[in-house]
Amino acid sequence: MAADAAERLGFVTLGQFLRQLPEELTILHDGGNGAGRLRWVEPSELEDPTPYLLDGEFLLTAGLPFLGDGGGADRVEAYVERLVGAGVGALGFGLEPYFDAVPEAVVEACRRRNLTLVAIPQSIPFAAIGLEFSQLLESENATTFRQLADANRQLMRAVLSARPEHELLAALVQRVPVWAILVGADGRIRARGSGGAHGTGPSPGREPAALQPLLAKLLRGSGPRVELDSFDDAGSALVFGHPLRSSRDANLGALVLGADAPLTPAQNSVVSAAVGLLELLVRQRTSGSLAPSQLATALLLHPESLSRPGGTEHVNGIKDLVAQSVSSARSGQLRVVQGVNLTAAVRRAGESPVRELLEWRRMFDTKLVEITDYGFAAITRLKVDDALLAEVERLGWRLVVGSTTEFTGLAEAYRRSSSLRGRVRTSGRSIRVDDVTFSLAGLLGGEAGAMLAERLLAPVLGLEAERRDSLLGILRAWLGANGSWDATAKATGLHRNSVRRHIGTLAELLDLDLNEAQARAELWIALQYTDALPGMPPDTPAALESAAGQAPQER
């Protein structure tokens, strides 16, 4: 039944309806049209009801037209012939009050004309049959709406894949019993879709040479239209093509489909959605996003012109393209934003970055976004306020938000923000470049600095608190005085020989040569972060006073 529903996609069949009816009904003749569409159930006692019928109806009669002379073989034959000519799907003959059995002339005429005939007992009123059909049709309509929603979602996912045109055709033939060929403006095949859930595929004969007459009409005409053709090959009894047009009605290609039978309205709805999405794809590739494509071409082909004297006109042209790409003015300020994904630093193999790229373009209102190995980088005119920052962080990302800059400062702005990515990973927090002091300590960050202090000063940090604070105070004073014994003695209140002895003790504890500039530099940086360590007092002059109080009378 699931497969049948997928094949129907939007209508009730005669066979499906007959299976829903009570078992008391008797099929006296099966016309073999159970897969045909059943449009409605209509009771009529007219001798000729055909002017009031649509094709595919289930006609109900209590036999009134067959009373008296109407029951003659010729009259019955003419009646059934008219029903078949009008496309009636089946005839339901109600027993009682006129007949207790279906007249043999009616049975024979239906057999000769191959019209499905059903005997309906008196216990089943015609109204019950009509109500059963209405309920089934309503249920089928709900199923169709769900199928259309699922089909549209599948088509949208295909558009956001790495190979959108191929994936879109694959989704189309899975939902609709057709084969599909996407042709470019040059008449060459760009993608194929065949062998879907319906087992329909293009025959070997459906190559561009055979399709040329149809393609010529599609690529030569104008406006929305459908061109038709037909071939003897299986799956190609009906071949129809849709042109893919630009916003100015230039022909950018065509979608050609083949089927064995006309499509249902629901199936045509899926085809229309696919045509619209394909048009968007080809428009985007050929005429969409003009500013970014021109900008990329200019920078790739003429990068030296940005710094060449006399290149003002070219640079202003580049500024205009950048402004269009970020929805700004030529004089508008720009900023570089870099994103680091803390929850999935490595993109899964084979995962398309297109969806992610479009999301960042939307959020930062810019077309200038690059997907990178660490996450993404974007050029935007936005300030990236707290609300936008919170929205990004809810997705598991952290940002380095650059300072405002001119067009010519973008490269330097990128380098400055890049220097802070490591700090973002370490701290797990977003950073604004404007809030960072650009010193070594500032760039290192509190977490990384505390880790350096904990590892480098571990032997001293493990001492009893008073001894620890005294030695750290002397070390800070000595490094701050650039290794001057006299200046350190003055700052700490110790004799210069006592300072020498304490520095010697520190060198032994730390296993470092304090005459080396690198050792002194690393210790100085580490000391800037000792106040962030557990159990450490704030970095205040009290530490120096503690150091001085250890041996004020030493000489």
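User: Let's start with R245: is this residue buried or exposed?
Analyst: This is a predicted model, and in it R245 has a relative accessible area of 17%. Buried means under 20%. So by that cut-off R245 counts as buried.

User: Which residue forms a salt bridge with R245?
Analyst: The closest N and O atoms of the pair are 3.6 Å apart, and the partner of R245 is E279. That pair links distant parts of the chain, with R245 in strand β9 and its partner in helix α8, 34 residues apart. The partner is buried too, at 11% relative accessible area. So who pairs with R245? It's E279.

User: How far apart in sequence are the parts tied together by E165 and R190?
Analyst: E165 and R190 form a salt bridge, with their closest N and O atoms 3.4 Å apart. E165 sits in helix α6 (residues 164-175), while R190 belongs to strand β7 (residues 189-193). So the pair ties together parts of the chain whose separation in sequence is 25 residues.

User: Is E165 buried or exposed?
Analyst: Its bridge partner R190 counts as partly exposed, at 38% relative accessibility. E165 has a relative accessible area of 8%, and the cut-off for buried is under 20%. So E165 is buried.

User: Which helix holds both R362 and E359?
Analyst: These two form a salt bridge, with their closest N and O atoms 2.8 Å apart. R362 counts as partly exposed at 49% relative accessibility, and E359 is partly exposed at 30%. They sit three residues apart, about one turn of the helix, and that helix is α11.

User: How many salt bridges turn up in the whole structure?
Analyst: Some of them share partners: E77, E81, R112 and R113 are joined into one network that way. Side chains of opposite charge can pair when their charged atoms come close. A search of the whole structure puts the number of salt bridges at 18.

User: Why is α18 described as largely enclosed by the rest of the structure?
Analyst: Helix α18 runs over residues 465-480 and has 16 residues. Its buried residues include L471, L472, I474 and W478. The helix is largely enclosed because the number of its 16 residues that are buried is twelve.

User: Which residue caps the N-terminal end of α18?
Analyst: Look at the start of the helix, where a side-chain oxygen of the capping residue lies 3.0 Å from the backbone nitrogen of E466. At the other end, just after α18, N482 takes a positive phi of about 60 degrees. The residue that caps the N-terminal end is E464.

User: What separates the C-alpha atoms of L509 and L457?
Analyst: L509 lies in helix α20 (residues 496-510) and is partly exposed, with a relative accessible area of 31%. Beyond its neighbours within four places in sequence, L509 is in contact with P459, V460, L463 and L471. L457 is 52 residues from L509 along the chain, yet their C-alpha atoms are separated by 8.9 Å.

User: What is the area of the nonpolar surface patch made by L64, L67 and Y98?
Analyst: One of its members, Y98, lies in the loop between β4 and α4. Y98 is partly exposed, with a relative accessible area of 40%. Together, L64, L67 and Y98 make a nonpolar patch of about 250 Å².

User: And what share of the chain's residues count as buried?
Analyst: The chain has 22 helices and 15 strands. Its accessible surface comes to about 27,900 Å². Of its 555 residues, the share that count as buried is 45%.

Technical notes
Residues numbered from 1 in each chain as written. Predicted model: local features only at pLDDT ≥ 70, side-chain atom pairs only at ≥ 80, totals over all residues. Heavy atoms only, no water. Patch = residues over 30% accessible without salt bridge, like charges linked within 9 Å, V, L, I, M, F, W, Y side chains within 5 Å. Areas by Shrake-Rupley, 256 points an atom, 1.4 Å probe, with all protein chains shown as cover. Salt bridge = Lys/Arg side-chain N within 4 Å of Asp/Glu carboxyl O. Helix = DSSP H or I, 4+ residues; strand = E, 2+ residues; numbered from the N terminus. Buried < 20%, exposed > 50% of the residue type's maximum accessible area, 1.4 Å probe, protein only. Expected span 1.5 Å × (residues − 1). Polar contact = N/O pair within 3.5 Å; in protein donor to acceptor, adjacent residues only side chain to side chain. Contact = heavy atoms within 4.5 Å.
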